[in-house]
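User: I should like to understand how the terms used for this structure are justified. Please set each value against its definition.

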Amino acid sequence: MAEKFITLESTVVPLPVENVDTDQIIPARFLKATTRDGFGSNLFRDWRYDKDNRPVPSFVLNNPVYSGKVLAGGKNFGSGSSREHAAWAIFDYGFRAVVSSFFADIFKNNSLNNGLLPVQVTPEFLAKIFSAVEQRPDTRIRIDLEKQEITLLATGEKQHFDINGYKKTCLINGYDDIDYLLSIKDEIEAYENRG
Amino acid sequence: MKKTVFDKIWDSHVVKRIEGGPEVLYIDRHLVHEVTSPQAFAGLDRRGIKVARPERTFAVCDHNVPTLNRHLPIVEEQSRIQVETLARNAAGHGVTYFGLGNPKQGVVHVVGPELGITLPGMTIVCGDSHTSTHGAYGSIAFGIGTSEVEMTLASQCIMQPKPQKMLIEINGRLGKCVTAKDLVLYIVYKLTAGGGTGYFIEFAGSAVRELTMEGRMTVCNMSIEMGARGGLIAPDEKTFEYFYGREYAPKGAEWDKAVARWKTLKTDEGALFDKTCTFDAADVEPMITYGTNPGMGMKITGTVPTGDGLAGTDRITFDKALHYMGFQAGQSLIGHPVQYVFLGSCTNGRIEDFRTFAAFVKGKKKHPDVTAWLVPGSGSVEKQICAEGLDKTLEAAGFELRRPGCSACLAMNEDKIPAGKYAVSTSNRNFEGRQGPGSRTLLAGAPVAAAAAITGKVTDPRTL
């Protein structure tokens, strides 16, 4: 049973870089764990810390001005490796949604399987979020999964976002695909025996 | 209704369609490695269940295994634990496992086809994005996350929305020193690192038919670098010939039946694609990348883009990449010093790549300032290298062969490019830090890698 997602109201952490790949989100050398826990401390490790493990002050996660449960990234967010550790790291750090103008397919699936909501908006809406947050880091947004709506609260501008109906039900109720697949065991066997 | 080869395979594997949701897709082969599986097996243990179809599941260690001193235990403790965990999980669930001492061990995407575990018409998944490689054999193969690895272990099915379909047709002939790697780097450059997102690609056209099976693997391997779910090539006589007699391939009457079935795996005339792109192979030259994603490529004789007119996140992204790489907008890369060369990976770790590299360096000497890591994709490739005497050619030119594994492609083992150093790499990703923290990767094919190893700088292989 995953954590349930219904609505979220939060400030935003802006990362206006395109093609943020999963090697940046969690570098390969941190994939050696055999559990799902604790990846948040190495989220964006090589952007966040220098080679002597000192925080890089210019990186957004080290800037106390920005905080929140929503991460906003440039287009093609989560590209590259299929490592689910990327979704685990973002969730473990404390984010519950990522907003971008489009997501890499595997990352999107991995996020949905871990209660992390990928919210795809138009490039124009994303640019508005970046510019609003740049001007006012305390800018808040609301993500309503039931209505599939994201709102910039300061201006009231909103946009509808798409999500697969099945996945929406899973997120809202904290359901798990494996429970479902195990429940249709007979249908899977019938498929195998169809000749 | 007219169908693409992708439709034919996908539709015949749908167990169930869910209203407004993904499809339940049956998986013929599940390949498992040490890095993305431990949490999935732990999930099964928590539920108290076993692998549903162990006979369809194959495990191999590759991502963080050492490529030297293999007679010794793995030095790095966490790597050793992951490899031991995979061996234990495979044994506990009755899954076939190719461990470090096994002569068949190697990079999962090289081993699968080599043993005939991969076959045309199959659905194949693995917790690794380069699973797309297997599409070269006319299968639907794609990378999945660990939750999906757990789904597949538990039920032999995953839940997937059907992707859209893209046709990439390449006609014409590839020129001198132009390989399948250059072709795919050219396509990724043209379509960009996100240009294939949401699509499953079929590669077709005379240039694709002309490619060897190894070359086709290289092309399908990098379909993920455009963001595509995967890429496939319809099987043909070359494909059938490749599999004949392979360990896990059907034999006797079963073989004949299989070939008859595989021959139906063609896209029907007039079948519809959501997007179509056409390229001329004659336009492709030896390629190299200058930036920090595989779409940031250029002809080796070209210049780094000027970036004029870029704004917003495009500008931030471009400047960040050039700063990381230590390059200037508009500069040429020819003659730029190179300290490391890596030949290997699921992209270019096959016998053909070693033949190309060896032919290039034959009678020459490795440049003294270059450290070269030559890592066969599998034990079988390694054996073939020695059988053909390529190891002797390489040794005479000052190179040494390492043992099979993913190695410097993602630097999870000791094979890390040091910070600030430049590597010409035949692997698939030039992301920041991919080959070691601070490493700077120039992606290329085997001829460009060989030329750099000999000259110690970025060199057009056609000039040697």
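**Helix α6 of chain A and its surroundings**

Analyst: This is a predicted model. The buried residues of α6(A) are covered by, among others, α4 (105–112), β4 and α7 (177–183) of chain A, together with β8 of chain B.

User: Which residues of helix α6 of chain A are buried?

Analyst: In α6 (residues 165–173) of chain A, the buried residues are Y166(A), K167(A), K168(A), C170(A), L171(A) and I172(A). They are called buried because the term requires a relative accessible area under 20%.

User: What makes N164(A) a cap of α6(A)?

Analyst: A side-chain oxygen of N164(A) lies 3.0 Å from the backbone nitrogen of Y166(A), at the N-terminal end of the helix. A polar contact needs N or O atoms within 3.5 Å, so a distance of 3.0 Å meets that limit. After α6(A) comes G174(A), with a positive phi near 70°.

User: Why is K362(B) called exposed?

Analyst: K362(B) has a relative accessible area of 56%. The term exposed applies over 50%, and therefore K362(B) qualifies. This residue is found in the loop between α13 and β16 (371–374) of chain B. The C-alpha atoms of K362(B) and K104(B) are 28 Å apart, with 258 residues separating the two along the chain.

User: Which residues of α13(B) are buried?

Analyst: In α13 (residues 351–361) of chain B, they are I351(B), D353(B), F354(B), F357(B), A358(B), F360(B) and V361(B). Just after this helix, G363(B) takes a positive phi of about 80°.

**The sheets**

User: How do you know that β1 and β5 of chain A are paired?

Analyst: Five bridges join β1 (residues 7–15) to β5 (residues 140–144) of chain A. Pairing requires at least two bridges, so these strands are paired. They run antiparallel, and S10(A) stands opposite I141(A) in β5(A).

User: What makes β4 and β7 of chain A edge strands?

Analyst: The open sheet has seven strands in the order β4-β3-β2-β1-β5-β6-β7 (chain A), with mixed pairing. β4 (117–120) and β7 (157–160) each have a single partner strand, so one side of each is left without a neighbour in the sheet. Neighbouring strands here are turned by 30° against each other on average, direction ignored.

User: How do you know that β1(B) and β2(B) are paired?

Analyst: Three bridges join these antiparallel strands, and the requirement is at least two, so the term applies. V14(B) has L25(B) in β2(B) as its bridge partner. The open sheet has three strands in the order β1-β2-β8 (chain B), with antiparallel pairing. β1 and β8 of chain B stand at its edges, because each has a single partner strand.

**Between the chains**

User: What makes E187(A) and K16(B) a salt bridge?

Analyst: Their closest N and O atoms are 3.0 Å apart. The limit for a salt bridge is 4 Å, so the pair satisfies it. The count between chain B and chain A is eight salt bridges. There are also 30 residue pairs in polar contact across this interface. On the side of chain B that touches chain A, α5(B) supplies the largest share, seven residues.

User: How many residues does each chain bring to the contact, and what area is buried?

Analyst: The contact takes 63 residues from chain B and 53 residues from chain A. The area buried between them is about 4,800 Å², of which carbon and sulfur atoms give 56%. The size of an interface is often given as the accessible area lost when the parts come together.

Methods
Residues are numbered from 1 along each chain as its sequence is written. Chains are lettered from A and ligands numbered from 1 in the order in which they are written. Side-chain values use heavy atoms; hydrogens and water are left out. Helices (H or I, at least four residues) and strands (E, at least two) are DSSP runs, numbered from the N terminus. Axes are lines fitted to C-alpha atoms, for helices over the stretch in contact, and angles run from 0 to 180 degrees between N-to-C directions. Buried means under 20% relative accessible area, exposed over 50%, partly exposed in between (1.4 Å probe, protein chains only). Contact means heavy atoms within 4.5 Å. Buried area is the accessible area (1.4 Å probe) that two parts lose on being put together, summed over both. A salt bridge is a side-chain nitrogen of Lys or Arg within 4 Å of a carboxyl oxygen of Asp or Glu. A polar contact is a pair of N or O atoms within 3.5 Å; within protein, one must be able to donate a hydrogen and the other to accept it, and residues adjacent in sequence count only if both atoms are side-chain atoms.
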